[in-house]
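Trainee: Please take one part of this model and look at it closely for me. I would like the place where two chains meet, and then a little of what lies around it.

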Amino acid sequence: MDTPQSEKPGVRWLVPAGIAVTAGVLIGAATPAGAVVVTEIQHFMDFYSGVFTLVGLTVSMVAGLVATDRMILKIQHRILAQALHRAATLISMAFLVSHVVIEILTRNADVVQVLLPIGRTSAIALGTVAAHLMIIVALTGVARARFATGRRPWLWRALHWLSYAAWILAIIHGLLAGRQAPVWVTWSYLVCVAGVGVALLARGLVTVRPRGGEEELPEESRSKAAKRKAAREASRSAQQAANERIKVSR
Amino acid sequence: MARRHGKNTVVFLERTARLANRVAVAGMVVVMVIVLSLVAVVERVLLAGRAEAPPDGEILLQIPEQSPRPPPSTPSRTRVAPPTETLTQQVSTFTLAQRGPAARQLYGVRPSRPPVVGTTRFSRDRTWALGTTAIPAPTDQPVMPQVTLFMARWDEGVWRMALSGSPEFSPMVRQAPVAMIPAAEKRLLIRYSDADADSGSAEGLMLPWRTGDAWTIMANRGASESVRPLGAVAFRGGDGRVLAAGDGRLYRFCTTESDKGLLLVIHPNGLATQYYEMTKVTDVPDGGTVKQGDYLGRIGTDRSCGGAPAGRPQVRFAIRQGADDVPLNGLRIGGWTFQERAKPLLGWAERGVLQVMPGESMANFGPTDIVPPDPPLVSDIPDITVEEK
Amino acid sequence: MTGPTLMGPMVTHVDAPRLTLGFDRFERLDLDRHRAVHGRLYEPRLSKLMAMADQVDLRGRGGAAFPFARKLRAVGRHMTTGDIAVVVNAAEGEPGSLKDHVLLTRAPHLVLDGAVIAAHALESREIIIAVAGKGPALRSIRAAIAERKLPVRLVELTERFISGESGAVVRAVNGETPVPPGVKVRTADFGVDGRPTLLSNTETFAQLAVLSSLGADLYAGVGTSTEPGTVLLTVGGSTVVETPIGTPLGTVLERCGTTAGQGVLVGGYHGGWLTPAVATHVPVSRAGLTAAGGTLGAGIVLPLSPGTCPLGEVTRITSYLAAESAGQCGPCRLGLPDVVRALNALADGSGGPEGVRRAASIGRGRGACSHPDGTARFALSAIEVFEQDLTVHEVRGGCGLPVRGFLPLPMIEGGDGRLAVDWTRCDGHGLCAHLVPEIIRLDRNGYPIVLNTGIPPWVESNARRAVAMCPALALRLTTPDVRAERRN
């Protein structure tokens with residue numbers, strides 16, 4: 001019962017508008033006045049796209065960790081946190097691409113170094129590994145719905161945890177490679193580290209204390225789990241009965 | 001949580017989905033902006049052609065970008081914002097034309113890389129520009145790269161340029177807007193370019209490290225065809241911190257990164273000292289003042305502008321005025337006098353009776369020009385002979 | 001009575017046929033046969049046409065029963081200024097209706113005659129026929145148009161329940177999203193491309209052709225005095241029967257070979273139920289059926305045979321209707337699933353009829369079209385008529401009868417999925433209920449209850465997002481094949 005794309009009114013003008021904007025950018029960049037603007041953009045990207053990749057990654061990780069919280073957040077906040085997590089990942093991937101492209105253009109890195117973690121400086125190699133891990137993690141995120149029908153749901157989480165490794169490598173890469181950082185950049189690194197640390201702590205609390213959030217005695221938590229199980233069974237059987245009722249028997 | 005208020009809760013729940021949609025859309029928009037910017041940048045680079053790769057694979061991006069091919073601009077049209085990407089190219093060509101032969105002579109071979117241009121300052125309306133050019137040295141010659149300051153002015157559709165050391169430079173500096181070049185700096189630049197200070201008077205300069213420390217001096221002839229035994233001088237030792245030899249204003253060549261580059265300090269007397277191969281270079285901006293003894297960098301192996309590798313960290317040092325290097329012969333710096341002789345081909349530094357050959361260490365006595373008197377020549381000493389009766 | 005033909009459903013008639021004239025002899029009336037059966041085409045002037053329509057009080061056959069003369073007058077006002085368009089609405093959105101399909105496949109020239117008559121009277125140069133889906137109906141009308149070499153435009157519509165709503169048809173012809181417009185616009189003033197448009201049902205145009213050919217007096221020779229003429233009914237979703245207005249419904253059912261069974265639904269899924277006793281005697285007319293608590297509508301008559309759980313059938317149909325909402329009006333989009341939930345509660349004994357009444361009242365009068373109203377009427381009349389069955393459900397939690405699916409629904413296409421919960425993983429996080437509140441609600445314990453409707457199109461993207469966002473990966477989208485496998 002898919003709505004054909006042509007039926008949705010919003011989509012129809014989107015494609016021509018997108019083409020027009022892209023053409024405009026391509027033409028504008030060829031003019032000399034455009035060249036001045038583009039040089040500024042290039043300067044900005046050269047300096048900041050790497051930083052923003054890391055910041056985006058950090059925001060994404062913090063949002064993702066926050067979204068698992070059940071104690072403080074209401075459900076709608078969790079959904080918004082997940083939406084933020086996805087948007088931040090998308091943005092940081094875009095910055096990652098632009099960072100890599102700019103570094104290749106300025107000959108600070110070879111094209112080969114994008115694919116393989118080789119090179120004179122280990123700093124760039126670290127960046128390559130971090131980027132690859134980021135891509136894998138992002139792909140698992142995109143394909144999350146597939147895991148819903150698979151037989152190994154734990155696999156998704158295991159793969160997604162590679163993001164921590166990617167993040168750590170990205171931090172080290174940022175500190176080692178490239179220019180000497182001005183003070184505020186170093187401070188922002190510290191803030192990123194602190195943010196993820198706090199979020200991890202919150203996540204740890206969730207696993208240790210399941211929903212409810214109060215300290216429980218072992219018997220209490222066991223009986224609570226039993227009650228939960230019973231409630232779940234009740235819901236399931238009610239659901240099944242409802243389904244049976246309107247199921248057409250032949 | 002689900003159904004406390006019936007329908008209203010449901011509508012409220014729907015808002016969550018709508019908000020989530022908005023977040024997703026915002027993310028997509030930002031991504032599109034980034035992607036489009038990247039497309040524009042790549043297009044720009046492709047249009048300008050690939051930047052030439054130096055033999056050792058390093059090149060640094062200048063501001064504005066280096067373009068070996070001049071874009072097709074019509075000169076008769078006056079623009080509001082002059083095309084700055086043509087400036088780099090034109091300065092590069094101009095430098096090669098004006099200073100290329102001299103560089104060739106000094107280097108011994110034709111320069112293999114195009115000049116590295118950096119425009120550091122523009123006037124507010126971008127019709128005036130002040131910047132630096134350096135002709136990179138060949139990688140097998142242990143010489144100091146030739147550097148020049150340039151002034152450029154957008155006049156009726158063309159860039160008019162002048163290099164420091166040429167007669168057109170000073171009038172242009174005078175005419176430049178004061179907002180761009182303060183009066184004090186103008187005086188300095190004019191004096192440097194006109195080279196009307198008596199050369200040889202390196203008054204008030206000291207050796208470029210901490211007073212009292214002793215560093216090793218390395219020297220060689222520079223280019224293979226050069227006749228000067230102290231053609232190329234470098235120092236290393238001590239705590240490795242290179243300091244300004246005298247008060248003056250600092251200019252940066254060969255790089256946009258803040259911790260690398262070749263530094264030129266122009267002193268009030270019109271002489272300039274040059275420092276090369278340093279690392280962790282100070283971030284004093286172009287045209288900024290330094291005081292004698294201010295930190296400039298650490299000895300290193302940076303070769304942003306070419307030159308043969310020395311193997312060990314050092315600072316390459318030279319004196320410059322106008323368009324030329326100032327030979328060290330007879331120059332008094334830091335209490336030492338440098339001497340060069342042709343036959344035999346020797347260069348050394350002496351202070352009183354002390355003589356230091358290349359490879360040996362010399363102490364920095366500070367910006368003193370009190371020199372112990374020369375030892376009397378043997379011929380001045382009256383000949384005391386015992387006369388025979 | 002014509003038996004089942006290759007061209008589709010059975011067609012029969014009570015007394016003398018008019019629209020279905022010639023169906024005994026021919027499977028399809030091409031141009032020659034049509035002229036032989038119906039005679040020459042008369043194209044009266046507008047004033048004469050309006051007078052004729054007034055005299056017989058010709059009403060639209062699409063369900064709203066709007067006086068056709070009034071419509072002609074409204075559009076005719078623009079004759080001098082505007083470029084009038086004539087649109088034949090052959091969308092037939094309801095699954096239980098087949099009459100438009102039959103007319104197009106077997107008597108296309110009758111419909112074209114009607115359209116040409118209207119176009120000539122209004123000096124319109126554009127005739128558009130809106131057909132749903134690609135099938136024999138489209139092929140037949142296309143062939144007929146080619147035969148007459150008429151410049152008629154064919155527009156294909158999606159096969160949805162609301163596709164046949166007049167505003168939705170106009171929008172589809174204009175190339176916009178084919179849903180009823182949010183603000184009601186008079187098609188007579190602004191229709192196709194903003195021009196004045198005469199839009200009527202297929203059968204209305206066919207009746208117009210018959211009226212023109214017979215003349216008003218002869219036309220009024222059958223039917224009742226207030227509602228002369230014949231009407232096409234679709235009985236049981238399989239037989240089309242033409243009957244003079246006023247015939248007792250029992251006669252019609254008998255002619256079609258069925259009985260009233262447990263109750264008869266008249267007027268389609270926006271109509272009302274009649275008890276067997278009432279159904280046998282009620283006359284087939286607007287007045288008669290409305291008085292009995294039903295409605296004539298587009299002539300859909302669905303008797304419910306014994307042996308199936310009526311409540312279950314009604315729930316099944318209401319689920320379908322809820323999923324067929326255009327999704328643009330809150331009261332309909334959210335209220336109809338509520339009705340389904342109330343019916344479910346009724347069926348398992350956990351709720352009562354007041355729950356259904358309350359849920360059905362939210363859509364009343366609100367919305368861009370009559371979908372919520374019609375569905376509410378359908379559900380409410382069901383709980384009146386099937387009171388006995390209701391009591392059994394209330395007391396015993398079930399009547400013991402299975403749901404046999406006697407009420408027709410369109411075939412499920414391949415892409416139709418359902419949301420299902422993997423209970424071994426569900427931990428009651430509740431994100432799904434926030435993303436897809438139409439289909440998923442949380443019960444007392446915080447666990448999800450998934451409504452067993454299909455996934456309406458406007459919900460699809462949120463449903464996929466819910467599947468991806470579930471922290472326990474406990475939600476999934478299943479396809480019908482998978483479900484069938486699981487059942488076995």
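Mentor: We start with the interface of chain C and chain A, then turn to the chains themselves. This is a predicted model, where local features need pLDDT of at least 70 and side-chain atom pairs count only at pLDDT 80 or more, while totals for chains, interfaces and linings use all residues. Residues are numbered from 1 along each chain as written, chains are lettered from A and ligands numbered from 1 in written order, and side-chain values use heavy atoms, without hydrogens or water.

Begin with who touches whom. On one side, 52 residues of chain C are in contact with 38 residues of chain A. Contact means heavy atoms within 4.5 Å. The area buried between the two chains is about 4,100 Å². Buried area is the accessible area (1.4 Å probe) that two parts lose on being put together, summed over both. Carbon and sulfur atoms give 51% of that area. In chain C, the residues that lose the most area to chain A are C:Trp423, C:Met469 and C:Leu473. Together they give 16% of what that side buries.

Now the specific pairs. The rule finds one salt bridge across this interface. A salt bridge is a side-chain nitrogen of Lys or Arg within 4 Å of a carboxyl oxygen of Asp or Glu. Here A:Arg70 pairs with C:Asp427, and the closest N and O atoms are 3.0 Å apart. There are also nine residue pairs in polar contact, both residues at pLDDT 80 or more. A polar contact is a pair of N or O atoms within 3.5 Å; within protein, one must be able to donate a hydrogen and the other to accept it, and residues adjacent in sequence count only if both atoms are side-chain atoms.

Which elements of chain C give two or more residues to this side? They are α13 (310–323), α14 (330–347), α18 (431–435), β13 (448–450), α19 (457–469) and β14 (475–478). Helices (H or I, at least four residues) and strands (E, at least two) are DSSP runs, numbered from the N terminus. The largest share, seven residues, comes from α19(C). By class, the chain C side has 22 nonpolar, 16 polar and 14 charged residues. Ala, Val, Leu, Ile, Met, Phe, Trp, Tyr, Cys and Pro count as nonpolar, Asp, Glu, Lys and Arg as charged, and the others, Gly among them, as polar.

Look at α13(C) more closely. It has 14 residues, and its expected span is 20 Å. That expected span is 1.5 Å times one less than the number of residues. Its end C-alpha atoms are 20 Å apart, which agrees. α13(C) is also mostly covered, with 14 of its 14 residues buried. Buried means under 20% relative accessible area, exposed over 50%, and partly exposed in between (1.4 Å probe, protein chains only).

Another helix of chain C is α3 (residues 68–76). Seven of its nine residues are buried, so it is largely enclosed by the rest of the structure. Among the buried ones are C:Phe68, C:Leu72 and C:Val75. Their cover includes α2 (46–56), β5 (197–201) and α8 (202–214) of chain C.

Last, the partner. Chain A has ten helices and zero strands. Buried residues make up 35% of its 250 residues.
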